[in-house]
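Thanks for making the time this morning. I would like to walk you through one structure, with the sequence and the coordinates open in front of us.

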Amino acid sequence: MADERRPLAPSGRLGEMLVREKLISPLQLQKAVEGSRASGGRLGHQLAKLGYVDENELTAFLAKQYGVPSVNLNDFEIDPEVLRLLSKEVVVRHQIVPVTRAGNILTVAMADPSNIYAIDDIKFITNFNIEIVVAAEAQIADAIEKYYTSSVSFDDVMTDIGGMGDDEDVELAGEIDEDMNVLDLEKSAGDAPVVKLVNLVLLDAIRKGASDIHVEPYEKQLRVRFRIDGMMYEVMKPPMKLKHAIISRLKIMSNLDIAERRLPQDGRIKLKLGKGKEMDFRVSMCPVLWGEKCVMRLLDKSNLQLDMTRLGFEERILRDFKDAINKPFGMILITGPTGSGKTTTLYSTLSELNKSTHNISTAEDPIEYNLYGINQVQMHDDIGLNFAAALRCFLRQDPDVIMVGEIRDFETAEIAVKAALTGHLVLSTLHTNDAPSTVSRLLNMGIEPFLVASSVNLIGAQRLVRKNCADCKVLIDIPRQSLIDLGVPPEAVGDYKPMRGQGCKTCNGTGYKGRIAVYEVMICGEELKEFILNGASTLELKREAIRQGMKTLRMSALTKLAEGMTSAEEVIRVTAPD
């Protein structure tokens with residue numbers, strides 16, 4: 001029809017158009033296609049996630065190719081009357097958002113303007129003429145979550161439960177646990193308010209960007225806390241009467257034994273959030289004094305950052321790191337405490353090495369993300385499948401690259417070192433405070449100095465610092481002496497423009513949104529190998545590495561401070577002074 005404003009599809013598909021315009025290479029297209037097939041997502045999203053194209057550039061490119069306007073959905077609020085024209089089921093199925101209505105014309109934002117099936121479906125449902133605008137896929141997903149997610153609050157659920165307070169029906173002894181049978185637990189776990197409350201907790205954690213959910217029973221209280229950007233925040237205190245029902249509901253969702261309350265259990269919950277998007281929750285139940293504590297780790301594959309340039313590496317350090325991982329053999333060790341982003345760095349490294357010419361095998365405990373093209377093995381200590389056993393198996397599987405989740409003992413360390421010396425690239429992690437102390441840790445495990453010197457190519461220590469919220473960060477004044485005390489060279493103080501988030505709706509009033517890694521990368525060149533062979537102490541190794549140009553964790557964090565990415569408080573909290 002002449003009055004229907006439908007874009008004309010240009011010749012060729014998205015990938016072919018981008019290659020034709022020289023925005024990506026054929027090899028990058030192939031890698032993105034493989035990734036999108038493995039994850040079930042759209043090609044445009046995969047290209048942006050891999051860092052081959054910027055999402056804004058992609059949106060502008062599509063707008064130009066299809067001759068339609070582009071919009072930034074973050075810039076305006078959509079009228080609720082317009083939103084009611086399309087149901088949540090329709091917008092999720094087609095990944096579109098209605099934006100405005102003028103007379104009989106409905107303007108709809110979509111990431112793929114060539115999707116004529118979606119356009120026809122919307123026209124049939126609304127009986128309006130459809131005008132298309134292009135928006136970034138991530139903005140559309142955010143808008144769907146913002147406008148179409150249930151508005152039920154914790155208060156609403158508490159009203160449904162019946163107004164039970166924390167002081168009512170408090171269980172004072174453990175015999176109630178023993179008397180409750182499985183049928184009672186199943187019945188209480190299936191009550192509508194309990195189901196609604198648990199679902200609300202899971203969705204609220206996703207919405208707030210939490211990495212972990214803690215459900216903790218105490219003598220007279222039950223509390224729920226989220227870990228957001230590495231910090232714990234209390235979000236609610238459900239009535240004690242719901243203690244068994246909530247834990248049982250979580251056990252049912254993760255296929256665990258609801259009658260077993262004396263032993264730890266591990267399980268998994270998988271939620272489908274929309275077209276092509278899933279969220280995994282790794283569930284751990286642990287018996288404690290007043291019941292069972294449940295901790296859930298959120299694993300969002302769509303947010304897994306596999307582009308090494310976006311992890312926080314500085315340009316020179318990234319170049320050194322890539323040189324080391326592209327060597328045909330040797331060992332790369334990533335160190336740091338739990339929750340410092342070691343797994344993400346390893347997965348990014350594997351993604352960089354993941355080519356059809358390489359055979360890559362990993363031993364992990366647990367496997368956090370499934371990666372296409374990589375052979376991943378889950379450890380099972382109870383049947384004898386540990387890191388050492390997996391490593392021995394890998395060496396008979398014609399490997400090019402081996403990743404061991406963690407070196408915990410002499411046996412694993414010995415096999416990993418031998419693998420690195422016999423023509424394989426070995427990646428692994430250790431729990432040490434900095435890069436130089438990793439050498440001492442290997443020596444203390446029983447590895448000979450000449451084997452450490454011969455096998456290790458690079459050691460990287462890392463931490464995660466919270467990023468200043470982009471929406472509310474402002475310049476702040478820090479006294480010159482305070483910056484010098486932090487470790488800033490006196491001559492460089494004038495170059496620093498420290499910033500700090502003031503707190504806003506975007507960051508939930510914390511002043512921080514997201515995290516970025518700071519790195520200490522020690523290249524084990526010939527001179528450092530001599531130091532290791534001669535039995536140098538950790539301090540001597542550190543001084544020599546710094547002399548050769550290594551930036552310590554504190555130096556790396558100060559660089560982020562100078563760029564306004566993080567605050568002085570975060571630098572002090574996360575890194576130790578040199």
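What follows is a tour of enclosed and open space, then the nonpolar cores, then salt bridges, and finally some backbone details.

Before anything else, please keep in mind that this is a predicted model, and that what I report was computed from it.

Let me begin with enclosed space. The structure holds one cavity of 30 Å³ or more, and the largest cavity encloses about 70 Å³ of space. Its lining is made up of Leu-197, Val-198, Val-201, Leu-202, Val-215, Val-224, Pro-238, Ile-246, Leu-250 and Met-296. If you sort that lining by class, you find 10 nonpolar residues, with no polar and no charged ones. As for where these residues come from, helix H12, which spans 192-207, and helix H13, which spans 243-253, each supply at least two of them, and H12 gives the most, with four residues.

Now to open space, where the second largest pocket makes a useful contrast in composition. This pocket has a volume of about 800 Å³, and of the 32 residues that line it, those closest to its centre are Lys-31, Glu-34, Tyr-52, Ser-351 and Asn-354. The elements that give two or more residues to this lining are helix H2 (26-39), helix H3 (43-49) and helix H15 (342-353), and H2 gives the most, with eight residues. By class, the lining of the second largest pocket has 10 nonpolar, 14 polar and eight charged residues, whereas the lining of the largest cavity has no polar and no charged residues.

Next, the nonpolar cores. Which residues touch the most other members of the largest nonpolar core? Of its 55 residues, they are Met-331, Leu-333, Val-456, Ile-459, Leu-483, Met-522 and Leu-561. Helix H17, residues 410-421, gives the most to this core, with six residues. There is also a second, separate core of 32 residues, which includes Leu-202, Leu-256, Leu-271 and Val-283. Leu-202, you may recall, is also one of the residues lining the largest cavity.

Let me stay a moment with Leu-561, and set aside its neighbours within four places in sequence. Leu-561 is then in contact with Leu-483, Leu-486, Tyr-496, Lys-497, Pro-498, Thr-566, Ser-567, Ala-568 and Val-571. One of these partners, Leu-483, is itself among the residues of the largest core that touch the most other members.

That brings me to the salt bridges, of which the structure holds 27. I have picked out three. In one of them, Glu-234 pairs with Arg-223, with the closest N and O atoms 3.6 Å apart. Because Glu-234 lies in strand E6 (residues 231-236) and Arg-223 in strand E5 (residues 222-228), this pair ties together parts that are 11 residues apart in sequence. Glu-234 has 43% relative accessibility and therefore counts as partly exposed.

Another is found within helix H17, where Lys-418 and Glu-414 lie four residues apart, about one turn of the helix. These two form a salt bridge whose closest N and O atoms are 3.6 Å apart, and Glu-414, at 29% relative accessibility, counts as partly exposed.

The remaining one joins the side chains of Arg-573 and Glu-570, at 2.8 Å from N to O. Both residues lie in helix H24 (residues 568-574), three residues apart, which is again about one turn of the helix. Are these partners buried or exposed? Arg-573 is partly exposed, with a relative accessible area of 40%, while Glu-570 is buried, at 1%. Elsewhere, salt bridges that share partners join Glu-216, Arg-223, Arg-225, Glu-234, Lys-237 and Lys-293 into one network.

I will finish with the backbone. Most residues other than glycine have a negative phi, and most peptide bonds are trans. Against that background, a cis peptide bond joins Asp-365 and Pro-366, with omega about 0°, and Pro-366 sits in the loop between strand E11 (360-364) and strand E12 (375-378).

Asn-255, although not a glycine, has a positive phi of about 55°. Asn-255 lies in the loop between H13 and strand E7 (265-274), and it is exposed, with a relative accessible area of 69%. Asn-508, likewise not a glycine, has a positive phi of about 55°, and its place is in the loop between strand E17 (499-501) and strand E18 (512-523).

Key: Residues are numbered from 1 along each chain as its sequence is written. This is a predicted model: local features need pLDDT of at least 70, side-chain atom pairs count only at pLDDT 80 or more; totals for chains, interfaces and linings use all residues. Side-chain values use heavy atoms; hydrogens and water are left out. On a 1 Å grid over the protein atoms alone, a cavity is a set of points where a 1.4 Å probe fits but cannot get out, and a pocket is an open set with protein on both sides within 12 Å along at least five of seven lines; lining residues have an atom within 4 Å of a point. Grid points are joined across faces, edges and corners, and a volume is the space filled by probe spheres set on the points. Ala, Val, Leu, Ile, Met, Phe, Trp, Tyr, Cys and Pro count as nonpolar, Asp, Glu, Lys and Arg as charged, and the others, Gly among them, as polar. A nonpolar core is a set of buried Ala, Val, Leu, Ile, Met, Phe, Trp, Tyr and Cys residues joined through side-chain atoms within 4.5 Å. Buried means under 20% relative accessible area, exposed over 50%, partly exposed in between (1.4 Å probe, protein chains only). Contact means heavy atoms within 4.5 Å. A salt bridge is a side-chain nitrogen of Lys or Arg within 4 Å of a carboxyl oxygen of Asp or Glu.
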